[in-house]
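Subject: Handover of a structure, with notes on what was found

Dear colleague,

I am passing on the structure below, together with some notes on it that I hope will be of use to you. Please have it open beside this message as you read.

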Amino acid sequence: NEVRETADWLCRELQEAGLRPLAAEVVRFPGAITIPLPPRVSSCVLGNALQREGWLLSYQSKYLVERNWIQICLLGHAERADLEPLPRLLAARLNT
């Protein structure tokens, strides 16, 4: 399944960048990767900044805001080439 392969690849890339997706691979829904953020980083601030740069992540629902989580959704058109910069970009934003 292409979505699962992309999700597995993206999770490996996120982990190499120092980010830990919420769900383990065996229980993860491949269409959405949830990333808990450290308390010092607001999911809304990060999500808004990334949106201004052209990245559309899920972060505005009450459920995600309350938990300070962001989600990368892979349903629809999600090409690896388009996603390649995202793990390093997230890591850089979390480490500033």
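Contact, in what follows, means heavy atoms within 4.5 Å. Please keep in mind throughout that this is a predicted model.

With that cut-off, the pairing of α2 with α5 can be described residue by residue: L46, A49 and L50 in α2 meet L89, L90, R93 and L94 in α5. Sorted by class, the residues of this contact comprise 6 nonpolar, no polar and 1 charged. As for the geometry, the axes of α2 and α5 come within 12 Å and cross at roughly 135 degrees, which makes α2 oblique to α5. The crossing in which α2 passes α5 is right-handed.

The second helix that I examined against α5 is α1. Here the axes come within 9 Å, crossing at roughly 35 degrees, and α1 passes α5 in a right-handed crossing. On the side of α1 the residues involved are L10, E13, L14 and E16, which meet P87, R88 and L90 in α5. By class, the contact of α1 with α5 holds 4 nonpolar, no polar and 3 charged residues.

Which residues of α5 are buried? Helix α5 spans residues 86-94, and its buried residues are L86, P87, L90, A91 and L94. These residues lie on the same side of α5, because they cover an arc of only 135 degrees around the axis. As a general point, an α-helix has 3.6 residues a turn, so residues three or four places apart point the same way. What the buried residues of α5 pack against is α1 (2-16), β1 (32-36), α2 (43-52), β2 (69-73) and α4 (80-83).

Within α5, P87 deserves a paragraph of its own. P87 lies in this helix and counts as buried, because its relative accessible area is 1%, where the cut-off for buried is under 20%. Leaving out residues up to four places away in sequence, P87 touches L10, E13, L14, A17 and L19. For L14 there is also a backbone distance to quote: the C-alpha atoms of P87 and L14 are separated by 5.0 Å, although the two residues stand 73 residues apart along the chain.

Turning to α2 itself, its buried residues are S43, L46, G47, A49 and L50. Seen down the axis of α2, they fall within an arc of 165 degrees, so they line one face of the helix. The elements that cover these buried residues include α3, β2 and α5. On the face turned away from the buried side, α2 carries the exposed residues V45 and R52.

Is V45, which has its place in helix α2, buried or exposed? V45 has a relative accessibility of 58% and therefore counts as exposed, the cut-off for exposed being over 50%. The C-alpha atoms of V45 and N1 are separated by 33 Å, with these positions 44 residues apart along the chain.

Two further residues may be worth a look when you inspect the model. The first is T6, which lies in helix α1 and which counts as buried because its relative accessibility is 6%. Once its neighbours within four places in sequence are set aside, T6 is in contact with L74, A78, R80 and L83.

The other is N68, found in the loop between α3 (62-67) and β2. At 15% relative accessibility N68 counts as buried, because the class takes in values under 20%. Its phi is near 60 degrees, a positive value in a residue other than glycine. Not counting residues up to four places away in sequence, N68 touches I35, P36, L37, P38, P39, V41, S42 and S43; S43 is also one of the buried residues of α2.

If you would like to begin with a single region, I would suggest the contact of α2 with α5, where L46, A49 and L50 meet L89, L90, R93 and L94.

With best regards

Methods. Residues numbered from 1 in each chain as written. Predicted model: local features only at pLDDT ≥ 70, side-chain atom pairs only at ≥ 80, totals over all residues. Heavy atoms only, no water. Buried < 20%, exposed > 50% of the residue type's maximum accessible area, 1.4 Å probe, protein only. Helix = DSSP H or I, 4+ residues; strand = E, 2+ residues; numbered from the N terminus. Arc of directions from axis to C-beta. Axes fitted to C-alpha atoms, helices over the stretch in contact; angles between N-to-C directions. Parallel < 35°, antiparallel > 145°, perpendicular 65-115°, else oblique. Left-handed = near helix turned anticlockwise from the far one by under 90°. Nonpolar A, V, L, I, M, F, W, Y, C, P; charged D, E, K, R; others polar.
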